[in-house]
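Here is a short report on a ligand site and the aromatic residues around it. Look at the model first, then read on.

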Amino acid sequence: MKTQVFNKMPFSLIYHKHMVPIATEITSMVLSYVKEKTGGRPLEMALDVGCGTGRSTLPLAPHFKKVLGIDISDSQINVAKQYNTANNVSYMVAPAERLPVQDNSVDLVNTGLAAQLFTIENFFNESVRVLKTNGCLAAHGFFPFPEIEYKDLSHDLNTAMSEMWDTLCQQAYTTGLSEAADHMLNQYRTIYETIDLKDKKWIKDIPVKYQMSISEIFGFARSLCTCQILLEKNEKEAKQLLAQTDKR
Ligand SMILES: C[S@@+](CC[C@H](N)C(=O)[O-])C[C@H]1O[C@@H](n2cnc3c(N)ncnc32)[C@H](O)[C@@H]1O
């Protein structure tokens, strides 16, 4: 159930079209950490785990000789391949808990918006296996309740949207994704604490702004797996929720 929702071509296409792009602030933070730790050696290989349709994979391309994106879902990987714009990026279907690369071969294991779905201990052990000395593991996600700022209407707009975000979030708690939702709500604190390494860093509350139209905000809502779960469970209720919120 955890990952089935991502394994449908129509949803993968929606995900690709509407999920917000990765914030440049996040990519820069990850890269500067990697450069600091690897002491300026040439960066050969990055592995993006749970890469989806390539949102967190492609921004790594200019900084590494090779980037491999892996995901457990065929449809996500097919869309990623279809929209691949970098010739040093390749994609493969594979699970986070069994990484398809050799020991000691990767400078960065990156995972964007996906670690909450992994069996974290196995993923972590695999990351340690494949990372070179002083290589880095970076896991990042976002807090799933965006706040809207618009002139003096911010309060009203956020009130109108909050019911929808709450209903979508509740879906996680009724469909076996409660642990994943907790990880996102606590900003990966539990994941961070599970990682048994001395040299580690947890950065939270990174403010990121996107300029979006109302229809883009609804597109973003549609790209959330919780919205897809609600649509599959009760299409009428889901469509009503989106339409009523849009009207408000
Ligand atoms: C919310 S998407 C994030 C995709 C992409 N990293 C991004 O930033 O847009 C989560 C992805 O994790 C993948 N996933 C979930 N569990 C996985 C696992 N155990 N191994 C590999 N991929 C997994 C899903 O198929 C999905 O594509």
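A polar contact is a pair of N or O atoms within 3.5 Å; within protein, one must be able to donate a hydrogen and the other to accept it, and residues adjacent in sequence count only if both atoms are side-chain atoms. The model is predicted: local features need pLDDT of at least 70, side-chain atom pairs need 80 or more, and totals for chains, interfaces and linings use all residues. Numbering starts from 1 along each chain as its sequence is written, and side-chain values use heavy atoms, without hydrogens or water.

**Ligand contacts**

| Ligand atom | Protein partner | Distance |
|---|---|---|
| nitrogen | Gly50, polar backbone atom | 2.7 Å |
| nitrogen | Ser56, side-chain N or O atom | 3.0 Å |
| oxygen | Asp71, side-chain N or O atom | 2.6 Å |

The protein buries 97% of the 600 Å² that the ligand exposes when taken alone (Shrake-Rupley method, 1.4 Å probe). The ligand is surrounded by 21 residues, each with a heavy atom within 4 Å of it. Tyr15, Gly50, Arg55, Asp71 and Gly112 are the closest. By type, the shell has 11 nonpolar, seven polar and three charged residues; Gly counts as polar and Tyr as nonpolar, while Asp and Arg count as charged.

**Aromatic pairs**

The structure holds eight aromatic pairs. Rings pair if their centres lie within 6.5 Å; planes under 30 degrees apart are stacked, over 60 edge-to-face, the rest tilted. Phe6 and Tyr15 have ring centres 6.2 Å apart and planes at 80°, so this pair is edge-to-face. Tyr15 also pairs with Phe11, again edge-to-face, at 6.3 Å centre to centre and 65° between the planes. Phe6 and Tyr15 are both buried (under 20% relative accessible area).

How values were computed. Phe/Tyr/Trp six-rings, centres within 6.5 Å; stacked < 30°, edge-to-face > 60°. Buried < 20%, exposed > 50% of the residue type's maximum accessible area, 1.4 Å probe, protein only.
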